[in-house]
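Please open the structure in your viewer and keep the sequence panel beside it. The tour goes from one selection to the next, with a short account of what is found at each stop.

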Number of protein chains: 2
Amino acid sequence: MPKNAFYAQSGGVTSVINASAAGVIETARKYPDIIGNVYAGRNGIIGALTEDLIDTSQESAESIAALKHTPSGAFGSCRYKLKGLEENRAEYERLIEIFKAHDIGYFFYNGGGDSQDTSNKVSQIGKALGYPMTCIGVPKTIDNDLPITDNCPGFGSVAKYVAVSTREAAYDVESMCKTSTKVFVLEVMGRHAGWIAAAGGLAKEAEGDGPHIILFPEITFDQPAFLKKVQESVDNHGFCVIVVSEGVKKPDGSFLAESGLKDAFGHAQLGGAATIVAQLVKSELGFKYHYAIADYLQRAARHIASKTDVEQAYALGQAAVEFAVAGKNAIMPAVVRVSDNPYKWKIGEAKLDDVANVEKMLPKNYITKDGFGITDACRTYLQPLIEGEDYPPYRNGLPYYIRLKNAPVKKKLNTEFKIK
Amino acid sequence: MPKNAFYAQSGGVTSVINASAAGVIETARKYPDIIGNVYAGRNGIIGALTEDLIDTSQESAESIAALKHTPSGAFGSCRYKLKGLEENRAEYERLIEIFKAHDIGYFFYNGGGDSQDTSNKVSQIGKALGYPMTCIGVPKTIDNDLPITDNCPGFGSVAKYVAVSTREAAYDVESMCKTSTKVFVLEVMGRHAGWIAAAGGLAKEAEGDGPHIILFPEITFDQPAFLKKVQESVDNHGFCVIVVSEGVKKPDGSFLAESGLKDAFGHAQLGGAATIVAQLVKSELGFKYHYAIADYLQRAARHIASKTDVEQAYALGQAAVEFAVAGKNAIMPAVVRVSDNPYKWKIGEAKLDDVANVEKMLPKNYITKDGFGITDACRTYLQPLIEGEDYPPYRNGLPYYIRLKNAPVKKKLNTEFKIK
């Protein structure tokens, strides 16, 4: 008898996490003798804890296929990290209770490091409670900070967005710098790892092109060196384009974005790293500036997604199900890079034990000696990840994104579980 | 004997101003008996005043064609408004001197209201100085605030960018709002007119879709009404997406963006309207927020340009030359809307006298009664302007934008002229 599957999206959404969902659901539908219905958690794992499940079998093949070009989390995601087994064993027991009630034998958890940790624990606790589950992680994070996998779905599209936006803004500023803005700052995500900021560097193809400066979270902000570099760039090229990670830190370890801006009531104000950097340039060097903060636009920008990224996101969802069907457990499919140029990749596997709670930082040799740019090694790594366009369909001048029916699965337990 | 032509880009650049340049240059090349070389001003009108001209005849047909998909100002633009004739007659006389020296008989000025005013004055002064020039304006402004023309090239693409970004961010926030960000704010350009902010409204197709609130520069910020609306949106839909114009004003007439943020040194800080609005939501309602500031990204985003916009930008450049060849003077080609649905338009003409220094605001009946949304009349107007995609070619995962040779024209006067 086939068992049902549970699928949930976790943490910050991306422009391709739904492509992974499509990979999971479409592949599961190919194995009706092994996998019954795929139930999705409404708003992620919270949907499991509260028995708020979505019956994906109610969605047409066309709707599921449309997930491949729809950003965000189609079933809802959540920022909710399950505690350790000792701290809140009740949560894990609740999950198993729900899974048992709905005859769920497969657990597919689509998220970053925390989520892989959760998958791992669910696998362990299921066994301990006499209800063994097949638990497979599906990698996702725009931060690209998961270990073992060569890269993470979600990252390539953010990288492409940031590289494209940096190039476009650089062209803009260059053409105006004679009499107007001389310094442009683009703030991008990546609180701990500088992968996204590094991607801005791909916009530069020739000497003089922007970006002229990248500020990485891995490199402590050196104000005098930074200002010198800005001045040099304006002197030599007439303008300066800066990509700054939201996570850039001062020598004391605090975020640059916490640099003492206060609102009218005297409250500390997280003005954004771009705001701080731009103000600094103005006050110290006197240059007219502009700044942009990409924020969610970068991770939701399905309109300019990387084709490589979309394909990998789908393939990893697909592989997760194939692994489950093959009887594997407590693993995560991973991207294995076979060659850089031509870029070739294949699906490998990583043990959840090895993935959980490990952050992959930008390697030292990916950052130039002065700390303000990316090396050729970094370009070689990043380049294939932004290759190819995969435009969504348009209707009325706007991308046509799918909204699923998200029909609820009838509750079987109907007991309350308080989320802490 | 053919006379040469002068072409210059003025003011803030757009993602399609180069398409107008292509229209001017390609069309001029079709009339070698009437128009000689097209000389472009390096960095706009400053290039004329300083005899820094670019010889566009050095550019291949392929390069000029590539301008159609290249954002920014390929010859450089400037923020430099010529004074009135009485205040600085010397500037106008200098222009005529340069044009005479280079046998320039046609003046094509690609810009907004100020530029149309300049074209008009050049036409008058040329006549007065016994060197009659054919002066034709080419409309351009993302702000869409020129009169007579139904819309301005540059606006449609910004509108599309803002509508697409709003939709994508709205999907993102909606899928996370259960446990994370509930309010998202996108700041867009448009210091005086709310056309760009209004375009964000196109992202909404059904009740509950974002944006839930648009803050227009035409509507004085009403804090209690705004907060009430945010609360309602979160209560009813779980989240709230806000598009705010950088030009939103407080009841005292000052910009919201000047609302008392101070940096570490106590200096007033223009934090951006989005920052202020987001902070307000947090401090008054307690909702977790995120905000994005699109800034130059919106006007440089050729990757998501509107096909309608690109076509009109080109056609207006083309028409400017056709008008000149037909012996017309002191006019600007304009877009005339023939019908809304199906959208049909044609080229008309506007007298520079009627265009110069007039700002077209968002009509009252384009804004909903509560001041926070757009009406059907507004949608009907905006919809066709974002229709169609016109993707640039890609190379290495990035848009391939052209950089011209921009070879200088040999100076004939070589006299110095001090820009004030």
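**A tour of the two chains**

Begin by selecting B:Glu416, which is exposed, as 7 other C-beta atoms lie within 10 Å. B:Glu416 belongs to the segment after β13 of chain B, and if you add B:Glu51 to the selection, you will find the two C-alpha atoms separated by 8.7 Å although the residues are 365 residues apart along the chain.

Before going further, please keep in mind that this is a predicted model. The predictor assigns the complex an ipTM of 0.97 and a pTM of 0.97, while chain A averages a pLDDT of 94, with 97% of the residues scoring at least 70.

Next, move to B:Pro32, in the loop between α1 (17–28) and β2 (35–41) of chain B. B:Pro32 is exposed, having 10 other C-beta atoms within 10 Å, and from its C-alpha to that of B:Leu49, which is 17 residues away in sequence, the distance in space is 26 Å.

**Where the chains meet**

Now show both chains and select the contact residues: 66 residues of chain B are in contact with 66 residues of chain A. On the chain B side, at least two residues each come from α6 (155–176), α9 (273–285), β9 (289–293), α10 (296–300) and β13 (398–399), and α6(B) gives the most, with 13 residues. Coloured by class, this side of chain B shows 30 nonpolar, 22 polar and 14 charged residues.

How are the two copies related? Chain B can be laid on chain A by a turn of 180° and a shift of 0.0 Å along the axis, with an RMSD of 0.0 Å, and this is the relation of a two-fold axis. The same surface serves both copies, since 100% of the contact residues of chain B recur in chain A.

**A buried strand**

From the contact surface, stay with β9(B), which is largely enclosed by the rest of the structure because five of its five residues are buried. Both faces are covered, with B:Tyr289, B:Tyr291 and B:Ile293 buried on one side and B:His290 and B:Ala292 buried on the other. Add strand β6 (residues 183–188) of chain B, which runs parallel to β9(B) and is joined to it by five bridges; here B:Val183 stands opposite B:Tyr289.

**Two domains in chain A**

Turn to chain A, where the domain assignment gives domain 1 (3–141 + 305–357 + 389–399) and domain 2 (155–300). The centres of these two domains of chain A, taken over C-alpha atoms, are separated by 34 Å, and 12 residues of domain 1 are in contact with seven residues of domain 2. The domain 1 side of this contact has four nonpolar, seven polar and one charged residues.

**Backbone details in the loops**

For the last stops, show the backbone. In chain A, the peptide bond from A:Gly210 to A:Pro211 is cis, with omega near 0°, and A:Pro211 is in the loop between α7 (195–200) and β7 (213–215). In chain B, another cis peptide bond joins B:Asn341 and B:Pro342, with omega about 5°, and B:Pro342 lies in the loop between β10 (331–339) and β11 (344–351).

Finish with B:Ala330, in the loop between α11 (307–325) and β10 of chain B, where phi is near 55°, a positive value in a residue other than glycine. Is B:Ala330 buried or exposed? B:Ala330 is buried, with 20 other C-beta atoms within 10 Å.

Definitions and conventions: Residues are numbered from 1 along each chain as its sequence is written. Chains are lettered from A and ligands numbered from 1 in the order in which they are written. This is a predicted model: local features need pLDDT of at least 70, side-chain atom pairs count only at pLDDT 80 or more; totals for chains, interfaces and linings use all residues. Two residues are in contact if their C-beta atoms, placed from the backbone, lie within 7 Å. Helices (H or I, at least four residues) and strands (E, at least two) are DSSP runs, numbered from the N terminus. Ala, Val, Leu, Ile, Met, Phe, Trp, Tyr, Cys and Pro count as nonpolar, Asp, Glu, Lys and Arg as charged, and the others, Gly among them, as polar. pLDDT is the predictor's confidence in each residue, from 0 to 100. A residue is buried if 20 or more other C-beta atoms lie within 10 Å of its own, exposed if 12 or fewer, and partly exposed in between; C-beta atoms are placed from the backbone. Two strands pair if DSSP finds at least two bridges between them. Copies are superposed by least squares on the C-alpha atoms of residues with pLDDT of at least 70 in both. Domain bounds come from an automatic or database domain assignment.
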